[in-house]
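User: I am new to this structure and would like to know how its labels are justified. Could you take me through them one at a time?

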Amino acid sequence: MKSRRNFLQKLTLSAVSLPLVSSLQAKDAHFWADSADYQGPVLRVAIMGLGSYGTRVAEAMKDCKKAKLVGVISGTPSKITEWQSKYNIPEKNCYNYENFDAIKDNPDIDAVYVITPNSLHKDQVIRVAQAGKHAICEKPMGLNAKEGREMIEACKKANVHLLVGYRMHFEANTLEIIRMRNEGELGKVLFFQGLSGFKIGDPTQWRLNKELAGGGSMMDIGIYSVNGARYMVGEEPIWVTAQETKTDPVKFKEGVDETIQFQFGFPGGAVASCLSTYSMGNLDRFFLNGDKGYAELQPSTGYGPIKGRTHKGPLEKPHVTHQTVQMDEMSDIILAGKKPQVPVDGEEGLKDLIIIDAIYKAVKTGKKVPLKIV
Ligand code: NDP
């Protein structure tokens, strides 16, 4: 209890906003971990959408110190029962898509992690915010910049955090390259290459349904090269060009992109050349070139271990399950006001959506699209 009091005193004295402090003070002591390896507040999370990635996050959260899975929101009753016994989730913390607004009256849940198909994110995040809970949302945050802005607005209005599941922003080898670049070890950055793709299977899945996915490979996997170009170069692009290739118009219907090549220009003079595809395997590679050195990651955004090297030798930071690190870090961001090295907030998610809107516009018009991202 003494350390909890110290933590709250520290928070009160720090620049952390008042509403956060009061929401913390309202919490019961038992959400204050007091074990040998961690003493501090714990973010109590409900996962919405118990699919493939939701399951991965739930498994990873077993090893979290600062975050705990305490609730579920699902449209599939049998999954709820299964998760209840697997993760020891009480009945009172189980919801479906119709009744989850009632989560506002549940003091045992701090945050909801939305892990559903892309087109559902906007409305679900807004409902989570209106219920007074912090929202963590999977990428892409929404279908376009307009949706992103609505989500940010709703979370601001409700005074809750909005974070996007950018797990690579906490990955140690990635952060080492960013450190090297920031400290000038690569010299002036001139070029980035991002290759993001895999061969997609089942043609009936939601990822190939424009209504649910909002697009094709770009929304799902190309976004890693969009986001990666920004954190690897360390600047925001000022123009975009893009070209689409479609070899299978039956599988990849109108509005569902199979392959897009895109290029960015950055204010410092660097350029980026990237590929997003649902039709090629072995495409998970970042390469950053400066006038004093280079950095390479391959795989660059898969579940790991992430491997890489620079002109100085191999990158050797140990692998830790990405989602475990992400959720502990997100707990620190939400409960302790920590600032991550690379942002994971709604504004960060919005930047990617602005760029993706511009990529689709460049594909459609065949023209260079100027960008102004602040
Ligand atoms: P899945 O299809 O495996 O799971 C999605 C879940 O959403 C379903 O199991 C279902 O859960 C729920 N759902 C609600 N409405 C629908 C609907 N109309 N159609 C289908 N499912 C529905 O998808 P993923 O878990 O792979 O992807 C979910 C999100 O996570 C996507 O936004 C994706 O981009 C993101 N993702 C992020 C990754 C990362 O590394 N950051 C990796 C993979 C995915 P229920 O039955 O419980 O309602």
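Analyst: Helices (H or I, at least four residues) and strands (E, at least two) are DSSP runs, numbered from the N terminus. With those labels, proline 140 is found in the loop between strand 7 (134–137) and helix 6 (145–157). The model is predicted, so local features need pLDDT of at least 70 and side-chain atom pairs pLDDT of 80 or more, while totals for chains, interfaces and linings use all residues. Residues are numbered from 1 along each chain as its sequence is written, and side-chain values use heavy atoms, without hydrogens and water.

User: What is the peptide bond from lysine 139 to proline 140, and what is its omega?

Analyst: That bond is cis, with omega near -15°. A cis peptide bond also joins glutamine 298 and proline 299, where omega is about 0°. Most peptide bonds are trans.

User: What makes the pair of lysine 139 and the ligand a polar contact?

Analyst: A polar contact is a pair of N or O atoms within 3.5 Å; within protein, one must be able to donate a hydrogen and the other to accept it, and residues adjacent in sequence count only if both atoms are side-chain atoms. A backbone N or O atom of lysine 139 lies 2.8 Å from an oxygen atom of the ligand, so the pair is within the limit. For tyrosine 224, a polar side-chain atom lies 3.0 Å from a ligand oxygen atom.

User: What is noted about phi of asparagine 159?

Analyst: Phi of asparagine 159 is near 60°, a positive value in a residue other than glycine; this residue lies in the loop between helix 6 and strand 8 (162–164).
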